[in-house]
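Reader: I am new to this structure and should like to understand the terms used to describe it. Please show it to me before I put my questions.

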Amino acid sequence: MTRQRIHTLIGIGTILGIVLAGDRGPRRLAAQTPPKQPSTFGIGRPAAPAEIAALDIDIGPDGAGLPPGRGTSADGAPIYAARCAGCHGKTGKEGPNDVLVGRLPGDAFPFARDARAPKTIGSYWPYATTAFDYIRRAMPPDAPGSLKDDEVYGLVAYLLVLNDLIPADAVIDAASLPKVKMPARDHFVPDTRGQPKTRPPSPAPRRRP
Amino acid sequence: MKVSRRALLAGAAGAVALGKTAVTQAPPATSDPTKVRGKPSRALGQRAPAEKPQRQVRPGASSSGTPHQDLYGTITPSDLHFERHHAGVPEIDPKSYTLLIHGMVERPMMFTLADLKRFPAVSRVHFLECSGNFGGRAGSADITPQQVAGLTSTSEWTGVALATLFREVGVRPQAKWFLAEGQDAALLTRSIPVSKAYDDALIAYGQNGEAIRPEQGYPARLFLPGWEGNASVKWLRRIELSDRPFMTREETSKYTDPMADGSARMFSFLMDARSLITYPAYPVTLTRGWVEINGIAWSGSGKIQRVDVSTDGGATWAHARLQEPVLSKAHTRFRHLWNWAGGEAVIMSRAVDETGYMQPARTELIAMRGAGSVGYHLNPITGWLIRSDGTVVFRQEQWT
């Protein structure tokens with residue numbers, strides 16, 4: 001085949017293509033439907049168990065995730081004095097940051113009427129496990145995540161003793177921490193305000209808390 | 001003309017400063033811009049020198065508010081979007097960023113930022129509001145809209161629907177909650193119902209057409225439309241699926257609402273409807289005549305249906321005009337023409353959303369919550385007092 005013939009063929013083919021596309025293109029577009037979304041896109045990679053373990057530090061209210069180790073109030077007291085007292089006060093009551101220690105007479109729950117009532121671990125926190133989780137992940141602010149598990153157990157024990165929630169010599173570990181009874185627990189209820197998708201519109205303007 | 005006293009003063013101060021430094025330079029040949037060639041193109045645009053809107057950094061520097069009194073529309077410029085963080089703004093390398101999704105899933109997976117951007121994307125305009133967004137209790141009348149409610153902003157957010165990622169990892173049917181964890185020094189965590197993921201949650205990496213700002217969670221954040229800002233965890237590094245909530249510090253000792261009945265409400269995600277007049281407001285001084293009262297309204301439940309404006313302290317109300325398009329869970333601009341004849345007046349606004357919910361008065365809020373439950377979710381009707389001399393101050397109310 002000569003070069004000229006090839007060129008001619010290409011030319012005819014191009015013209016045919018244009019004519020065909022010009023004729024069928026718009027109709028084809030109109031009929032086209034977008035591809036169905038696949039069940040998976042195959043993007044991302046499997047996470048290795050070790051990668052998960054390195055990040056999976058959260059503690060559940062049932063104690064799930066609590067590490068091995070233990071601590072007592074005596075273990076925690078010197079750590080508190082060195083690392084925590086500067087912000088939370090010598091006995092956990094003085095601030096200047098969050099007041100951590102103190103119960104109210106009869107374990108009253110006056111917070112809706114008294115904005116000044118301190119929301120301490122003993123007066124307001126519904127779960128003791130939260131203290132371990134939060135201290136280990138975020139405290140102290142000048143070196144977050146630097147405390148060893150035994151140090152965190154000791155600090156939690158110290159704070160629970162200061163709040164009169166456990167005996168002075170109690171050992172706090174993965175088994176005992178979820179069992180600590182928190183006075184405020186039963187006050188906490190899920191939000192009951194409506195869900196936008198399931199709530200029928202009401203004719204009259206409504207108020208809600 | 002909407003020029004705040006603050007802006008005028010700032011402009012004047014800037015002019016003085018310029019004058020001082022310009023001594024050694026050649027003075028401008030003319031003040032007539034038609035008689036001198038203008039500036040050439042530049043790689044990065046900047047505001048006009050006279051415009052100096054600023055976020056207001058609050059004590060402790062863990063938050064800053066949007067200057068609503070300086071804004072006209074509904075989109076908040078990204079550098080004026082409010083901030084709230086619990087251990088500062090982290091610097092995260094986008095190249096090493098990963099998001100882990102694990103727990104009650106068929107396939108625990110890691111996603112890089114590039115991975116997230118390969119998924120089908122969605123863009124939506126939504127407000128984001130801190131549930132602690134009410135500065136009207138402080139006792140001062142000399143406060144701006146920024147101080148009353150600066151912790152709400154609206155952006156166009158772009159990202160991947162969380163539902164898409166949940167399908168990718170195969171979330172198990174028994175999973176009802178997920179933990180979202182940030183990569184900041186607080187490793188901030190919140191428990192979120194899985195149903196929100198299948199409703200409208202995003203993993204957002206875009207804000208107003210460009211990458212999310214560091215203060216808003218760069219390189220990627222959770223975004224939960226209409227819900228309290230704290231739950232839209234920034235700098236998101238991990239999602240763990242579970243059959244129960246995790247009871248983190250932020251959803252127990254914080255971000256819960258003591259109620260008048262002696263309970264404490266938790267997982268109070270929804271931001272109820274609210275409105276705020278942004279003009280006229282402190283520190284503006286009005287002159288007699290026609291005034292276009294305007295402001296923003298928003299609701300976490302959907303679209304704003306109506307905004308009522310009163311110019312007589314709540315005795316009578318008129319329907320304001322809503323600027324189209326009215327978008328779901330987004331700031332909506334309202335406007336109301338008023339001919340101020342002079343004399344003292346109190347102007348107020350109240351929002352009604354598409355579910356029929358009406359923004360409550362302070363007294364109604366206190367009746368339901370108690371006067372001490374003042375930390376979060378305060379969305380009372382607020383107003384501005386216009387004095388006979390035209391000065392405008394925040395209308396104060398007794399809270400405790």
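Author: What follows is an exchange on the terms and the values behind them.

Author: This is a predicted model, in which local features need pLDDT of at least 70 and side-chain atom pairs count only at pLDDT 80 or more, while totals for chains, interfaces and linings use all residues. Residues are numbered from 1 along each chain as its sequence is written, and chains are lettered from A and ligands numbered from 1 in the order in which they are written.

Reader: What makes a stretch of chain A a helix or a strand, and how many of each has chain A?

Author: Helices (H or I, at least four residues) and strands (E, at least two) are DSSP runs, numbered from the N terminus. By that rule chain A has six helices and four strands. Their order from the N terminus is α-β-α-β-α-α-α-α-β-β.

Reader: Why is helix 4 of chain B called mostly covered?

Author: A residue counts as buried if 20 or more other C-beta atoms lie within 10 Å of its own, as exposed if 12 or fewer do, and as partly exposed in between, with C-beta atoms placed from the backbone. Six of the eight residues of helix 4 of chain B are buried, so the helix is described as mostly covered. The buried residues are L162(B), T164(B), L165(B), F166(B), E168(B) and V169(B). Their cover includes strand 4, strand 5, strand 7, helix 5 (194–199) and strand 10 (202–207) of chain B. Just after helix 4 of chain B, G170(B) has a positive phi of about 70°. In chain A, buried residues make up 30% of the 209 residues.

Reader: What makes two residues a contact, and how many residues does each chain bring to the contact between chains A and B?

Author: Two residues are in contact if their C-beta atoms, placed from the backbone, lie within 7 Å. On that basis the contact takes 59 residues from chain B and 52 residues from chain A. Elements of chain B that each supply at least two residues to its side include helix 2 (113–118), helix 4 (162–169) and helix 6 (362–369). The chain B side divides into 28 nonpolar, 17 polar and 14 charged residues; here Ala, Val, Leu, Ile, Met, Phe, Trp, Tyr, Cys and Pro count as nonpolar, Asp, Glu, Lys and Arg as charged, and the others, Gly among them, as polar.

Reader: How do you know that strand 1 of chain A pairs with strand 5 of chain B?

Author: Two strands pair if DSSP finds at least two bridges between them. Strand 1 (residues 45–46) of chain A and strand 5 of chain B have two bridges, in the antiparallel sense, and therefore meet the requirement. R45(A) stands opposite M110(B) in strand 5 of chain B.

Reader: What makes strand 4 of chain A an edge strand, and in which sheet does it lie?

Author: The open sheet has three strands in the order 4(A)-15(B)-14(B), with mixed pairing. Strand 4 (188–190) of chain A and strand 14 (257–258) of chain B are its edge strands, as each pairs on one side only. Strand 4 of chain A and strand 15 of chain B pair in the parallel sense over three bridges, and F188(A) has A264(B) as its bridge partner.

Reader: Where do the domain bounds of chain B come from, and what are they?

Author: The bounds come from an automatic or database domain assignment, which divides chain B into domain 1 (83–262) and domain 2 (274–394). The centres of the two domains, taken over C-alpha atoms, are separated by 28 Å.
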